[in-house]
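Trainee: Could you take me on a close look at one small part of this structure? I'd like to follow the salt bridges around a single residue.

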Amino acid sequence: MTTDPSTTADPSTTLTYSSYLALDEILAAQRPRSAEDDELLFIVVHQVHELWFKELLHELAKLQRELCGGESVPALRTLHRCLTVLEVISAEIDVIETMTPYQFSGFRARLGNASGFQSAQFREIEAVLGRRDSGILRVFRSDRERGPIEAAMKRPSVFDSLLRYLSAKGYPVPRDLLYRDVTEPAEPSEELRTALLLARSDDGFAARVCERLLALDKALQDWRYRHIKMVERIIGAKIGTGGSSGASYLYRTISAPMFPDLWAAWRLP
């Protein structure tokens, strides 16, 4: 006679939807500091952002492995997923914009020094993509937050991985760029742009990978812009939480693309 395993399994070890997703912990992680109804929305949207940032870091690490391994099709799939995640993150701003400036003012003072400027995961994403700005580390007090950002600044960036990919595909990437000091910002290179132009003119997998990286860069800038306009709408020219300069600081962040050599090579002559 066959026994139904559901009747004999130890209930304490039976996996459920709730236990698999750790819903008890997740749903207990929203702790408003005021009695304002809208604070819960504010917390949930930002927590969801951080979950997507975690997923982006996971996907970008996978992307780098694929690029270094010369895997064009898997890299394109991973880039497509990263782009879709950024689209979702950007769309979440629509939700937070259902909150009026007046509603935000009801709990803003309770935020203290907390600020999106202090998102360690987003700073790590920037470092993974290529940003090298050790000054940003001053924002973070704990080694737990600083450590991953510092580590990312010491590793080859996504752009460095792209250069290895292009070199493996036969494009003339300058040797000094393949073995550069990755702790320093990448400098513009006319020789590299020549290699990128060759990839563009070949219009094969390498061109598609480059184009999707440009789309990723643009999607990140689009999200920043949406975020800026949301901040402007809610606090105007006021100083941001955490003492940042609010929207004026955020505008400066969209003026520098992550992959300037790619943008230069893909512009019209």
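Mentor: Sure! Let's start with a term: a residue is called buried when its relative accessible area is under 20%, and exposed when that area is over 50%, with partly exposed in between. Keep in mind that this is a predicted model. Now go to E126, which counts as buried because its relative accessibility is 2%.

Start with its partner R123. The two side chains form a salt bridge, with N to O at 2.9 Å. Why can they pair up like that? E126 and R123 sit three residues apart in helix 7, so about one helical turn separates them. Both of these residues are buried.

Next, look at R131. Its side chain also meets that of E126 in a salt bridge, again listed at 2.9 Å from N to O. Here the surroundings change a bit: R131 has a relative accessible area of 25%, so it's partly exposed.

Then there's R224, whose salt bridge with E126 has its closest N and O atoms 2.5 Å apart. This pair ties together distant parts of the chain, as R224 belongs to helix 12 (residues 205-235) and E126 to helix 7, 98 residues apart. R224 is at 8% relative accessibility, so it counts as buried.

Put those together and you get a network: salt bridges with shared partners join R123, E126, R131, D133 and R224. For the wider picture, the salt bridge count comes to 14.

Technical notes: Residues numbered from 1 in each chain as written. Predicted model: local features only at pLDDT ≥ 70, side-chain atom pairs only at ≥ 80, totals over all residues. Heavy atoms only, no water. Salt bridge = Lys/Arg side-chain N within 4 Å of Asp/Glu carboxyl O. Helix = DSSP H or I, 4+ residues; strand = E, 2+ residues; numbered from the N terminus. Buried < 20%, exposed > 50% of the residue type's maximum accessible area, 1.4 Å probe, protein only.
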